[in-house]
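Here's a protein model to explore at your own pace. Could you walk me through it, starting with the sheet and then stopping at a few single residues?

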Amino acid sequence: MQKRYEQHCDAELLVSSRLRNQELIWRHWSASALDRFLSDWLFWSRPAQRAPEGDWRTWLFLGGRGAGKTRAGAEWTSFIARTGLARRIALIAPTFHDVRAVMVEGESGLLALPQERPVFEPSRRRLIWRSGAIAQCFSAEDPEALRGPQFDAAWCDELCYWSKPDEALATLAHAMRLGEAPRKLVTTTPRPLPALKRLIAAPGSVVTRSGTMENSANLAPGFIAALRETWTGSVRERQELLGELIEDVEGALWTRASIEAARAMEPGGPLDRVVVAIDPPVGLGAGVDACGIVAAGAYGSGLQRRAVVLADASVQGLAPQDWAERAADLARSIGAREILAEANNGGELVRVVLKLAAPDIPIRLVRAKVDKRQRAGPAAMFYAQGRVAHRGRFAELEDQMCSFGAPGFSGSPDRLDALVWALTELLDGGEGPRVRTI
């Protein structure tokens, strides 16, 4: 990591030297010539942000947070649209809001570029360039919407946070049938998802990578320092800052494959019991552990009883009354019949703040009698048995699950603790509907 940082500093010095020499020439340039230079993407961009040479079908730009992925995607899309290299383009993000707020109207989006700006028609979810090229907006939550349209190019943003990556990519593949050589760009912070691994290994795929620090000149002061303070020495530092694809951690209780299987599993019946489980933090402020808040439900009986993880509302830095309100709001929104809260830290304070926030919901305190790994073991077994489904993608919770238990794991598994309490109650604490009051 230090070597990468030094390389970045050397690159900055080189650019600074070039700019100082260029200043002497700028004074004699016309305004239009200066504008053209300042908007010259080939000059200002880094190699990882530029489309690879050669005959490729999929370009994957894997980068850390703030590495310039969105700008690279917007520049490539704008170029192929303005020059007529593509006529029909698909823009796909985790949600429609992400397409509009990031890919189209964001600080580095298509409408913020210094070149020709397309006409954006929000009601029709499309952009139109003077060349006649049209880009249509899609949400990865609705893969079926990609049936029917056809494209010769696509920009897929944050693939690793799509709720249905396999379905969306499969449907998109059938829609990429225009032109002589349809191409797609995937810009994402990598996570070890099977869909991403298959894309990387596919014939015709080219990968470029960039860490967050390589783009530090375009980021707010202190941004990188704050992220490093949070993640230094952790797996997430390599993933979120360096943009590395992190595989399963040896010794962890969960694997990515078990998480993907849980996400693919369809609930087999109506939920007869729903709970919200809480792992309260000790203290206040940004430096303390997060308050784990996880909701889950269950259905069936005996060995056929199954659980469904419904939400992860964990939060850091809130006062007790605020995280209690957050848990209460979640419980009401999903119809939870009970709130469980670990009482090892806080005891009566936990009871009081939750009763104030949720006087209408039964609350029960639970106490840990064994260490966290022993408590988590049965929950991991439930996943191995195929008894737990995930209704959605819970990135931070899942990252915690896939690193917990491995040698060198640091930090508090706050989200995981809340999950374990919920699953233990639903699958190991009794069968069928049950409510206890205090």
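Let's begin inside the sheet, with one small pairing: in strand E6, the bridge partner of Ala 90 is Ala 154. Keep in mind as you look around that this is a predicted model. Ala 90 has a partner in another strand too, since it stands opposite Gln 136 in E5.

Now zoom out from that residue to the strands themselves. E2 (residues 88-93) and E6 (residues 153-157) pair in the parallel sense, over four bridges. E2 also runs parallel to E5 (residues 134-139), and here six bridges do the joining. If you're wondering what holds such neighbours together, strands of a sheet pair through backbone hydrogen bonds, either parallel or antiparallel.

So is E2 mostly buried or out in the open? Five of its six residues are buried, so the rest of the structure largely encloses this strand.

Time for the whole sheet. It's an open one, made of eight strands in the order E3-E4-E5-E2-E6-E7-E1-E8, and the pairing is mixed. At the edges you'll find E3 (119-121) and E8 (205-210), each of which pairs on one side only. Going from one strand to the next, the twist averages 15°.

Further along that order, E1 (58-63) and E7 (residues 183-188) run parallel and are joined by five bridges. Look for Phe 61 there: it stands opposite Thr 187 in E7. Helix H7 (residues 194-201) packs on the sheet, where it touches E1, E7 and E8. The direction of H7 makes about 125° with that of E1. Another helix, H5 (residues 96-104), lies across E2, E3, E4 (126-128), E5 and E6, and runs at about 110° to E2.

What about cysteines? Two to check are Cys 137, which counts as buried at 8% relative accessibility, and Cys 156, also buried at 0%. A disulfide is a covalent bond between the sulfur atoms of two cysteines. To be counted here, the two sulfur atoms must be within 2.5 Å, and by this rule the count comes to zero disulfides.

Next stop: Trp 56, in the loop between helix H3 (41-44) and strand E1. Does a loop residue like Trp 56 end up buried or exposed? The cut-off for buried is under 20% relative accessible area, and Trp 56 has 1% relative accessibility, so it counts as buried. Setting aside residues up to four places away in sequence, Trp 56 touches Ala 51, Trp 76, Arg 183, Lys 184, Gly 204 and Val 206. Take Gly 204: along the sequence it's 148 residues from Trp 56, yet the two C-alpha atoms are 4.7 Å apart in space. The side chain of Trp 56 also has a polar atom 2.8 Å from the backbone oxygen of Pro 52.

Now hop over to Arg 306, which lies in strand E11 (residues 306-312). With 17% relative accessibility, Arg 306 counts as buried as well. A polar atom of the Arg 306 side chain lies 3.4 Å from the backbone oxygen of Gln 304. Leaving out residues up to four places away in sequence, the contacts of Arg 306 include Met 265, Tyr 299, Arg 387 and Leu 427.

Leu 427 leads us to our last element, helix H15 (residues 414-427). How far should its 14 residues span? At 1.5 Å a residue you'd expect 20 Å, and the end C-alpha atoms are indeed 20 Å apart, which agrees. H15 is mostly covered, with 13 of its 14 residues buried.

Methods. Residues numbered from 1 in each chain as written. Predicted model: local features only at pLDDT ≥ 70, side-chain atom pairs only at ≥ 80, totals over all residues. Heavy atoms only, no water. Buried < 20%, exposed > 50% of the residue type's maximum accessible area, 1.4 Å probe, protein only. Helix = DSSP H or I, 4+ residues; strand = E, 2+ residues; numbered from the N terminus. Pairing = 2+ DSSP bridges. Contact = heavy atoms within 4.5 Å. Polar contact = N/O pair within 3.5 Å; in protein donor to acceptor, adjacent residues only side chain to side chain. Expected span 1.5 Å × (residues − 1). Axes fitted to C-alpha atoms, helices over the stretch in contact; angles between N-to-C directions.
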